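Hi,

Here is the structure I promised to pass on. Have a look at it first, and then read on for what I found in it.

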Amino acid sequence: MHVALDTMVDTLKAAAESSRLRILALLSRGDLTVSDLTEILGQSQPRVSRHLKLLLEAGLIGRYQEGSWAFFRLSDSDAARDFVLRLISGIRGADPQVERDLERLTSVKRKRQDRAATYFSQNAASWDHIRSLHVPDRAVEAALLKLIGKRPFQSMLDLGTGTGRLLEIFSPLYRRGVGIDMSREMLTVARANLDKAGVSNAQVRQGDIFAPPVERDAFDLVTIHQVLHYLDDPARAIHEAARLLRPAGRLVIVDFAPHALEFLRDEHAHMRLGFSDRQIADWFSEAGLDLEDAQEFEPRGGSEAKLTVKLWLGRDRRLLIADPSNDAQPVREIA
């Protein structure tokens, strides 16, 4: 990527300050609030906010709102992220101040994990009941990993990310991962889980699955795991998800096959009692996707009173054709 000289000078000026370099080093480990950074850096909130403003203006970091909280992260721009990571690579582990910052960061993340544990303890009975009705999650995760394969890709989006588990298991494959969820409590859980797993290339944000706060045509893989049955308009969710895919990108849905367990609707807010292959195929087609694969996982014990898990893989119909004259050139899109 070519950058104008003046722009590069402005960028270097924004980063060339010890506190701002410390902030960049911290944000390379995950998203943080102003309060988090104030606690870690030992500086006043106005001073930290001033540093963040300069880094935002330089395009080195991004900001998003989650209720009354504002989170900061490294920029979504690949060029900006690469610049920051190269910049701070020489100071990690080499500077006592940065080491102290990272120790305080560990304390901040531990507090997140404590909040997550409290939320889990309050809801565990409900989730465990539903889990007991279907195949173990590990079996579905193994199938997902096999389906997606081992080839690295640029970006992943997990809609309704919940605990952040899919972001965790696919983290070795993508360069940038984003999780979206409406629940601030679940985002607390997801952040704690990603921190605990050492996943630094993913972030989670609060947002609506029908209007996700991310760019369109930007993701190689979009996942919707056990979310559709909570929605009153699953077709619209699939349509919105498809708009976020790059050409030839993949959408993976995990949910239940049709069933008659009415208590899930009455007691657990399920809007839909499962989906058929035909429904998903039709919704994929309307969204410009081809259904490439459908897999089924029988419930534990094979009981008719339990839940069958389904996995559907759709692919964007637009193709990517590489320029044969230069392998380093970006691919061209063909609708």
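Let me start with a pair of strands: β5 (residues 174–181) runs parallel to β6, and the two are joined over five bridges. One of the residues involved is Asp-181, whose bridge partner in β6 is Gln-206. Before I go further, please keep in mind that this is a predicted model.

That pair belongs to something wider. Seven strands make up an open sheet, and if you walk across it you meet them in the order β6-β5-β4-β7-β8-β10-β9, with mixed pairing. At the edges sit β6 (202–206) and β9 (289–297), each of which pairs on one side only. On average, neighbouring strands of this sheet are turned by 15° against each other, if you ignore direction. As a general reminder, the strands of a sheet pair through backbone hydrogen bonds, and they can do so in a parallel or an antiparallel way.

Further along the sheet, have a look at β7 (residues 219–225) and β8, which pair in the parallel sense over six bridges. If you want a spot to zoom in on, Val-222 has Leu-251 in β8 as its bridge partner. Strand β8 (residues 245–256) is mostly covered, with 10 of its 12 residues buried.

Now for one residue that I followed up: Val-227, in the loop between β7 and α10 (234–243). Is Val-227 buried or exposed? With a relative accessible area of 11%, Val-227 falls under the 20% cut-off, so it counts as buried. Leaving aside residues up to four places away in sequence, Val-227 touches Leu-159, Gly-160, Ile-209, Val-254 and Asp-255. There is also Ile-253 to look at: Val-227 and Ile-253 are 26 residues apart in sequence, and their C-alpha atoms are 8.7 Å apart in space.

The helix after that loop, α10, has a partner of its own. The axes of α10 and helix α12 (residues 277–286) come within 9 Å and cross at roughly 45°, which makes α10 oblique to α12. The crossing of these two is right-handed. On the α10 side the contact involves Pro-234, Ala-235, Ile-238 and His-239, and on the α12 side they meet Ile-280, Trp-283, Phe-284 and Glu-286. Sorted by class, the contact of α10 with α12 has six nonpolar residues, one polar and one charged.

Towards the start of the chain there are two more helix pairs, and α3 takes part in both.

First, α2 and α3. The axes of helix α2 (residues 18–27) and helix α3 (residues 34–41) come within 11 Å, crossing at roughly 120°, so α2 is oblique to α3. Helix α2 passes α3 in a right-handed crossing. Where they touch, Arg-22, Ile-23 and Leu-26 in α2 meet Leu-37, Ile-40 and Leu-41 in α3. By class, that contact of α2 with α3 has five nonpolar residues, no polar ones and one charged.

Then α3 and α4. Here the axes of α3 and helix α4 (residues 45–57) come within 9 Å and cross at roughly 110°, and the two helices are therefore roughly perpendicular to each other. This crossing of α3 and α4 is right-handed. The α3 residues in the contact are Val-34, Leu-37, Thr-38 and Leu-41, and they meet Gln-45, Val-48, Ser-49 and Leu-52 in α4. By class, the contact of α3 with α4 has five nonpolar residues, three polar and no charged ones.

There is a pair of strands in that part of the chain too. Strand β1 (residues 32–33) and β3 pair in the antiparallel sense over two bridges, and the partner of Leu-32 in β3 is Phe-72. What about the surroundings of β3 (residues 69–74)? Five of its six residues are buried, so β3 is largely enclosed by the rest of the structure.

Finally, some totals for the whole thing. The protein chain has 12 helices and 12 strands. Of its 335 residues, 48% count as buried. If you take contacts between residues at least 6 apart in sequence, 67% of them join residues at least 24 apart.

Happy browsing!

Methods:
Residues are numbered from 1 along each chain as its sequence is written. This is a predicted model: local features need pLDDT of at least 70, side-chain atom pairs count only at pLDDT 80 or more; totals for chains, interfaces and linings use all residues. Side-chain values use heavy atoms; hydrogens and water are left out. Axes are lines fitted to C-alpha atoms, for helices over the stretch in contact, and angles run from 0 to 180 degrees between N-to-C directions. Helices (H or I, at least four residues) and strands (E, at least two) are DSSP runs, numbered from the N terminus. Angles under 35 degrees count as roughly parallel, over 145 as roughly antiparallel, 65 to 115 as roughly perpendicular and the rest as oblique. A crossing is left-handed if the near helix is turned anticlockwise from the far one by less than a right angle, and right-handed if clockwise. Contact means heavy atoms within 4.5 Å. Ala, Val, Leu, Ile, Met, Phe, Trp, Tyr, Cys and Pro count as nonpolar, Asp, Glu, Lys and Arg as charged, and the others, Gly among them, as polar. Buried means under 20% relative accessible area, exposed over 50%, partly exposed in between (1.4 Å probe, protein chains only). Two strands pair if DSSP finds at least two bridges between them.
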